[in-house]
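Work through the following exercises with the sequence and the model at hand. Each task is followed by a solution in steps.

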Amino acid sequence: KIVVLTTFPSMGDYLFISNLPELWYKKYGLYTYFSESCRYHNDETYELLFESNPYVKGKTNEEHNVLFDPKSFDEDPSGIPKIYYEPKKIESLKNSGLIDVTSRNYRDSAVFKSLRIPNIIKDIVDKNIELKKYHVIYNNPDTTINRHHYNQVGGSQELKINTVFDYCDILSSIDYCICFNSGSGLLASSIKEYYNKNLIIYFITPGQNMDSGNFNPPNCEIIIL
């Protein structure tokens with residue numbers, strides 16, 4: 001068996017390796033387990049990414065034999081992040097877009113507070129002016145993530161949700177989203193690849209050559225600050 005340990009607790013870090021259990025099974029015929037020592041910022045991370053993954057068989061207190069550091073890779077080793085939860089379509093969100101410029105890594109950085117971001121968002125919204133605009137409000141918010149007031153630009157309506165599964169359902173139903181280089185941006189990339197081919201993702205990032213936190217998915221429209 002393959003027993004994975006990573007000390008990086010964000011959903012984006014786990015999305016970064018979400019394809020690996022399937023690739024390992026196809027290459028070695030081995031199932032993946034996650035060490036009980038793994039940490040998670042969001043308790044739903046393991047549930048979303050791995051409980052429905054047929055190549056992951058659970059958690060174990062056995063010694064790990066794979067230690068994964070996503071910062072040690074110059075690019076994603078496994079392609080577009082993959083989730084095995086199949087999102088539901090929300091009919092009322094047809095012809096709409098989502099503004100979700102959030103970040104844990106950059107919440108206090110100058111790059112996240114860039115004065116360019118409101119103009120970038122406005123230009124995208126204006127280009128999609130005929131579509132409804134939404135921003136997400138979590139009923140139980142993770143206060144370590146900066147959910148910036150940029151999200152409410154242009155009078156967008158709020159969508160109240162309870163779980164990350166709700167968030168996936170939204171991404172599978174909308175026409176475009178504006179996001180930052182973050183776990184939510186990588187999640188949008190996965191939804192587009194596997195469940196909502198028509199989703200246009202405007203992925204705002206500090207750039208590939210900086211400590212950007214995550215890689216820049218090839219199926220997104222990359223906007224470098």
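**Exercise 1. The sheet**

In which sense do strand E7 (residues 132–138) and E9 pair, and over how many bridges?

Solution. Step 1: some conventions come first. The model is predicted, so local features need pLDDT of at least 70 and side-chain atom pairs count only at pLDDT 80 or more, while totals for chains, interfaces and linings use all residues. Residues are numbered from 1 along each chain as its sequence is written, and side-chain values use heavy atoms, with hydrogens and water left out.

Step 2: helices (H or I, at least four residues) and strands (E, at least two) are DSSP runs, numbered from the N terminus. Two strands pair if DSSP finds at least two bridges between them.

Step 3: E7 and E9 pair in the parallel sense, over five bridges. His135 stands opposite Glu158 in E9.

Step 4: put the pair in its setting. The open sheet has six strands in the order E9-E7-E5-E10-E11-E12, with parallel pairing. E9 (157–161) and E12 (221–224) stand at the edges with a single partner strand each, so one side of each has no neighbour in the sheet. From one strand to the next, the twist averages 25°.

**Exercise 2. Strand E11 and its cover**

State how many residues of E11 are buried, and which helix packs on the sheet there.

Solution. Step 1: buried means under 20% relative accessible area, exposed over 50%, and partly exposed in between (1.4 Å probe, protein chains only). Five of the six residues of E11 are buried.

Step 2: within the sheet, E10 and E11 pair in the parallel sense over five bridges, and Cys179 stands opposite Phe203 in E11.

Step 3: contact means heavy atoms within 4.5 Å. Helix H6 (residues 183–194) packs on the sheet and touches E5 (96–100), E10 (176–180) and E11 (200–205). The direction of H6 makes about 155° with that of E11, where axes are lines fitted to C-alpha atoms, for helices over the stretch in contact, and angles run from 0 to 180 degrees between N-to-C directions.

**Exercise 3. The nonpolar cores**

Identify the largest nonpolar core and the helix that gives the most to it.

Solution. Step 1: a nonpolar core is a set of buried Ala, Val, Leu, Ile, Met, Phe, Trp, Tyr and Cys residues joined through side-chain atoms within 4.5 Å.

Step 2: the largest such core has 46 residues, and those with the most contacts inside it are Phe34, Leu48, Leu98, Leu171 and Leu187. Helix H5 (residues 164–171) gives the most to this core, with six residues. Apart from it lies another core of 16 residues, including Phe112, Ile117, Ile124 and Tyr202.

Step 3: take Leu171 as a sample. Not counting residues up to four places away in sequence, Leu171 touches Leu98, Cys177, Leu187, Ala188, Ile191, Asn196 and Leu199.

Step 4: helix H3 (residues 44–51) has six of its eight residues buried: Glu44, Thr45, Tyr46, Leu48, Leu49 and Phe50. Their cover includes H1 (11–16), E2 (32–35), E3 (56–60), H5 and H6.

**Exercise 4. Two polar residues**

Are Glu22 and Asn219 buried or exposed, and which polar contacts do their side chains make?

Solution. Step 1: Glu22 lies in helix H2 (residues 20–28) and is buried, with a relative accessible area of 11%. Asn219, in the loop between E11 and E12, counts as buried at 15% relative accessibility.

Step 2: a polar contact is a pair of N or O atoms within 3.5 Å; within protein, one must be able to donate a hydrogen and the other to accept it, and residues adjacent in sequence count only if both atoms are side-chain atoms. The side chain of Glu22 makes one with the side chain of Tyr84 (2.5 Å). The side chains of Asn219 and Glu193 are joined by a polar contact of 3.4 Å.

Step 3: leaving aside neighbours within four places in sequence, Glu22 is in contact with Tyr55, Lys82 and Tyr84. With residues up to four places away not counted, Asn219 touches Ile80, Ser189, Lys192 and Glu193.
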